[in-house]
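Work through the exercises below with the sequence and the coordinates at hand. Each task is followed by a solution that proceeds step by step.

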Amino acid sequence: MKLSGILSILLQAAAIVASQSMSQRPILAPMPYNPRLPFPNPPQRRPRLCVVKTYGDGITDDSDNILSAFHGCNNGGHVLFPRGKVYVIGTAMDWTFLKHVDIDIQGLIRFTNDTAYWQAHSFRFIFQNVTSFFKLGGEDVWIYGGGTLDGNGQVWYDTYAANAYTLRPVLVGIDGLKDSVLSDLVLRYSPQYYHFVANASNIVFNNISIAGDSTSKNTAKNTDGWDTYRSRDVTIMNSVVNNADDCVSFKPNSTDILVQSLFCAGSHGISVGSLGQYVGEFDVVESIMVSNVSMHNASDGARIKVWPNTASAMSDDLQGGGGSGRVRNITYEDMLIDNVDYAIEITQCYGQRNLALCQQYPSSLTIEDIVFRRFKGRTSAKYKPLIAAFACSSAKVCSNIHATDIDVVSPGGTRQAYCLNQQETNLDVDCTTNYKGFN
């Protein structure tokens, strides 16, 4: 047999072996609700497989190999990061060209710890200090496979402790993605947020595992699980989050969002906001459903946080106040509270420790049509005897806030809540004017 024939047979055999190792698309099983729009459901791709090569030494940048595979199988193919392979990314890459492609991550993708490079070259977003290692966009993109993305976060936790103005990349930066699914992924050690979801529509996150503690005295900070921004029809479900900030946060102009069936530990809760940070900006968060969430060892369960109408500072690198907008049609239901400081918290004084000043300059951002229902469990002792805080800077900007079937107690058995500018008969708690804590 000629050499060309032998090579052809070997290539065919290799292709068969590779195709057998491809992951099947995950089955999406929403519970208890279906999202407003049907899940993306494109036909299976044509049998075009691109196996991503790796230099394999754990040091050399594999970015050129990754881009080559993405371009080779874009528009109808299947990209495979094989199990047992380690890929190193040391170059900021724009993936917004992706269309009609399955990305099957079975191996490990690790980002380099070159903080100087990433601060100079990562992609900047216009909100707060957000940057990202890569920018994921396009349409009809399915990413799954059970593999791991590792943000090499420890060096960032230490660098940020020394300099609060360090620009820390998010692990998964999304800009303009639509009709897409990210599922069956392990995310570890993000320098900042694990997901920043901007300008996106009709995307699903399913079966995502998030974790990554610091091994030094410098804690991992601002490691939100998901932040949505200028996005609509986003579904986040069936996931486990162990982090050190919001489990999920709905930033400005997040609408028609469904969050359900999450386990959150160590977090700052499922949060609307923070909003009203920038003067002249009109922030909107509306039509949000949060259901079937267990919250453990956290600062908050359900949270709505708004900046006051005066200059305030949460930290050296996070300041604001004076913006306007609205929060409307938000529902939190069926939440388990386990050693959480506040089961529910509404504040229009975010970043402002002077409560008198906050009420002197009440927020111009309205909060209305809010429902908290079927909460159960036990808070921590931090704010004992309080289990919640419903604090609006003015009765004129808050209306139709309801809390029903709230079966949550403090360690002392009390169910008091701080209530400011509320219709107290709508709240299934024991309202008090005694306030503990600044948030």
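## Exercise 1: A disulfide and its handedness

Task: determine the handedness of the disulfide of Cys-247 and Cys-264 from the torsion about its S-S bond, then place both residues in the chain.

Solution. In this predicted model, the torsion about the S-S bond of Cys-247 and Cys-264 is about -65°, so the disulfide is left-handed. As to placement, Cys-247 lies in the loop between strand E18 (231–242) and strand E19 (248–250), while Cys-264 belongs to strand E20 (residues 254–265), so the pair ties together parts that are 17 residues apart in sequence. The distance from S to S is 2.1 Å, which is within the 2.5 Å required of a disulfide. For the burial of the two residues, the cut-off is a relative accessible area under 20%. Cys-247, at 0% relative accessibility, counts as buried, and Cys-264, also at 0%, counts as buried.

## Exercise 2: Two further disulfides

Task: describe the links of Cys-50 to Cys-73 and of Cys-419 to Cys-431 by handedness, location and burial.

Solution. A search of the whole structure finds four disulfides, and one of them joins Cys-50 to Cys-73, with an S to S distance of 2.2 Å. The link of Cys-50 and Cys-73 has 90° about the S-S bond and is right-handed. This pair links distant parts of the chain, with Cys-50 in strand E1 (residues 49–51) and Cys-73 in helix H2 (residues 63–73), 23 residues apart. Cys-50 and Cys-73 are both buried.

Turning to the second link, Cys-419 and Cys-431 are joined with 2.0 Å from S to S, and the torsion about their S-S bond is about -75°, so this disulfide is left-handed. Since Cys-419 lies in strand E31 (residues 416–420) and Cys-431 in strand E32 (residues 430–432), the pair ties together parts that are twelve residues apart in sequence. Cys-419 has 6% relative accessibility and counts as buried, whereas Cys-431 is partly exposed, with a relative accessible area of 26%.

## Exercise 3: The surroundings of a histidine

Task: establish whether His-100 is buried, partly exposed or exposed, and list its contacts outside its neighbours within four places in sequence.

Solution. Begin with the position of His-100, which is found in strand E5 (residues 99–105). Its relative accessible area is 31%, so His-100 is partly exposed, given that this class lies between the cut-offs of 20% and 50%. Leaving aside neighbours within four places in sequence, His-100 is in contact with Arg-45, Asn-75, Gly-76, Gly-77, Glu-139 and Asp-140. For Gly-76, which is 24 residues from His-100 along the chain, the two C-alpha atoms are separated by 5.2 Å.

## Exercise 4: The chain as a whole

Task: compare the radius of gyration of the chain with the globule rule, and describe its burial, contacts and charges.

Solution. The chain has five helices and 32 strands. Its radius of gyration is 23 Å, close to the 22 Å that the globule rule gives for 439 residues, so the chain is as compact as a globular protein of that length. The C-alpha trace spans about 90 × 45 × 40 Å along its principal axes.

Next, buried residues make up 56% of the 439 residues. The accessible surface comes to about 17,500 Å², of which 51% belongs to carbon and sulfur atoms. Among contacts with a separation of 6 or more, 74% are between residues 24 or more positions apart. Finally, the mean positions of the 35 positive and 40 negative charges are 2 Å apart.

Technical notes
Residues numbered from 1 in each chain as written. Predicted model: local features only at pLDDT ≥ 70, side-chain atom pairs only at ≥ 80, totals over all residues. Heavy atoms only, no water. Helix = DSSP H or I, 4+ residues; strand = E, 2+ residues; numbered from the N terminus. Rg over C-alpha atoms; globule rule 2.2 N^0.38 Å. Buried < 20%, exposed > 50% of the residue type's maximum accessible area, 1.4 Å probe, protein only. Contact = heavy atoms within 4.5 Å. Areas by Shrake-Rupley, 256 points an atom, 1.4 Å probe, with all protein chains shown as cover. Lys, Arg positive; Asp, Glu negative; His and termini not counted. Charge placed at Lys NZ, Arg CZ, Asp CG, Glu CD.
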